[in-house]
Amino acid sequence: MKRTFSRLLVAFVVLGLLVSCNAPAPTPTSVPPTKVPPTATPVPPTPVPPTAVPATAVPTAAPTAIPMASGRLLLATTTSTRDSGLLDFILPDFEKAFGVKVDVVAVGSGQAIKIGQDGNAEVLLVHSRAAEDKFMADGHGTRREDVMYNDYVLVGPATDPAGVKGLKNAAKAFAQVAEKQATFVSRGDESGTHVKEKDIWKAAAITPEGTWYVPAGAGMGAVLTMANEKLAYTLSDRATYLARKAEGLQLEILVEGDAVMFNPYGVMLVNTAKNAQIKGDLAKSFVDWLVSVPVQEKIGTFGVDKWGAPLFFPSSTLYQAAHATAPAAGLKITGLVNTPMTLTEAEVKAMPTMEAERANKEGVVEKYTGVSLAKLLGLAGVKAEATTLVFVADDGFTSEVPVADVLKCEKCILSFRSNGGFSSVLPDFSNKAQVKGVVEMQLK
Amino acid sequence: MEIWQGLAKAVELIMNGDQALGTIVALSLKVSGIALLFSTMLGIPLGIMLGFSRFIGRRLVIALLYTGMGFPPVVVGLFVYMLISRSGPLGRLGSPLIPSLFTPEAMIIAQTIISFPLIAGFTMAAVMGVDPQLRQQVMALGATRWQGAWTVLAEARVGVLVSIVAGFGSVISEIGAVQMVGGNIENYTRVLTTAIVLETNKGRFSLAMALGVVLLALSFVANVVMLRLQGRTLDE
């Protein structure tokens, strides 16, 4: 009995020693006869031992039973998409359809973008528009797409010591919190939420500092917990807040609906030129999948059953195109033609398509898909006496071009607009000839 | 009251053999176990060598080893991260032998580095703790150099085993490095410590508690097993 007890006791002592940390305290059995405290050693903490080890450890680490990172796609994203449960809701579909595993590393937007810059991830799903644009401009990414948006809310204790409840202006609410020196927990991690928070402070012309302002350096979930414990205010994305609220968070939404609190998410493809190990094709499939209409619709349903309202609102270009109220305009070809005709949009789209490229006002070359103008006009049969082609837009705008030039032009098309309707794209013509929302082509 | 609910939930999850819990525990054991294997293979020979031999630079190596024992795991994590990052010196080689970031292999490397100085240091201390006359005596009786070393090692086995337990304890309960180089990916690099932090952040304290209980139990079991293995109790 006594033996068993002392055995347990020893086990506990060792256990406590180990679990507390890896402090190199002497154990009961091994008392180093030389100087014990490693901190007392006169040698500076040179990183020599760590460098020496990977060289030997690496080759041995490879043939272990753990599968290597093949058939895996690394998605660096923000904590909000994971903590809200959205990724668990949609990713299994992709994994099943493509037979791959999506590894999610959820960090602040700032770190996620850094991971992308270093080429350590294939895809980024973040919400920090300025940083995203910079990422693309610096050539780290090859493609960026809108995915969805949600919004930020200012949450705080129900007692609302700063009296901001119901304010419509986020900057004003922030100013009031600062004035009352009410505790405010900041993400403090350069995440999208933190950047947004700093923007709002800037709009309020306040540099937050003092004991009331707590930069936590943690994810959204942790910050909400902290604010809850401290009876503090914090800026949260609605999704994470609602998810946490359902699990007993006591903070309340005090300010919402200000346009500045809008929170768009974008997906970006990391440039494969960075590194041969980046799986570009798989990453492209992922982005295509994420912005596709069915997945977007699924995103729009997430959270409805649990909270009665969606947490994220889909916003990809494809989704918007599919859900825009398509104008029933069609296309008329009138005037000096053999057979004046009215075509529906579907009829035009059923014709053979071609592509045209034209630099837009910013000088960026854009690609358009549509139907050859010469062919369209040929369908109606332009009369010999016709000299001018008039594009009539849905808003009544008209623009004239010489018909002979158009008939000669092989690159001139009537392009399909992403949310229905047509635009004229005449690459070598003046800007005036590029008409959006063409509903009629009149020959005179 | 959350603490009692947490404990109750913990017991329930463990009793029901919860699958998510099982995956996390298995991953923790796998990663830390393999890391421990490597650090044992490296640490024990080094510890024995330092304990036995006298050579130039020995004190420097010992000083470095002690520094390594107190090396903060997060710093090791940062170091490994920067080395094997695809823009880092090793990662940019693109060699299949260099594991990518956010993989179990990366975690194994970090944990090996963390536990290796502990094992080497404790082994050295145990070997040096054996009466030096013992070795001289067996050598005088005609033992070879290796037999002499083996005798001393056998005598110091408790200390050596403790060094392995210490190594295991340091890596299984470590979070800074595994979070950084592993990325806390579900079913892949999410281990007990990172899962506890995640669940706490999500406000799911009961699951965090359950994981904590498992972590404690694991360390405890490891110690009991070690004590059993050595074939005698410490109070004998």
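Author: pLDDT is the predictor's confidence in each residue, from 0 to 100. This is a predicted model, and in chain B the mean pLDDT is lowest in helix H1 (residues 2–15), at 80, and highest in H5(B), at 94.

Reader: What is the mean pLDDT of chain B as a whole?

Author: The mean for chain B is 87, and 96% of its residues reach 70 or more. For the complex, the predictor gives an ipTM of 0.75 and a pTM of 0.65.

Reader: Why are H4(B) and H5(B) called oblique to each other?

Author: Helix H4 (residues 73–84) of chain B and helix H5 (residues 104–129) of chain B pack at an angle of about 135°, with axes 9 Å apart. Angles over 145 degrees count as roughly antiparallel and 65 to 115 as roughly perpendicular. The pair falls in neither range, and is therefore oblique. The crossing of H4(B) past H5(B) is right-handed.

Reader: Which residues of H4(B) and H5(B) meet?

Author: On the H4(B) side they are B:Pro73, B:Val76, B:Gly77, B:Val80 and B:Ile84; on the H5(B) side, B:Ala106, B:Ile109, B:Ala110, B:Ile113 and B:Ile114. By class, this contact has 9 nonpolar residues, 1 polar and no charged ones.

Reader: What makes one of these residues polar?

Author: Gly counts as polar, whereas Ala, Val, Ile and Pro count as nonpolar. B:Gly77 is in the contact, so B:Gly77 is the polar residue.

Reader: How many helices and strands does chain B have?

Author: Chain B has 11 helices and 0 strands. Of its 236 residues, 55% are buried, which means that 20 or more other C-beta atoms lie within 10 Å of their own.

Definitions and conventions:
Residues are numbered from 1 along each chain as its sequence is written. Chains are lettered from A and ligands numbered from 1 in the order in which they are written. This is a predicted model: local features need pLDDT of at least 70, side-chain atom pairs count only at pLDDT 80 or more; totals for chains, interfaces and linings use all residues. Axes are lines fitted to C-alpha atoms, for helices over the stretch in contact, and angles run from 0 to 180 degrees between N-to-C directions. Helices (H or I, at least four residues) and strands (E, at least two) are DSSP runs, numbered from the N terminus. Angles under 35 degrees count as roughly parallel, over 145 as roughly antiparallel, 65 to 115 as roughly perpendicular and the rest as oblique. A crossing is left-handed if the near helix is turned anticlockwise from the far one by less than a right angle, and right-handed if clockwise. Two residues are in contact if their C-beta atoms, placed from the backbone, lie within 7 Å. A residue is buried if 20 or more other C-beta atoms lie within 10 Å of its own, exposed if 12 or fewer, and partly exposed in between; C-beta atoms are placed from the backbone.
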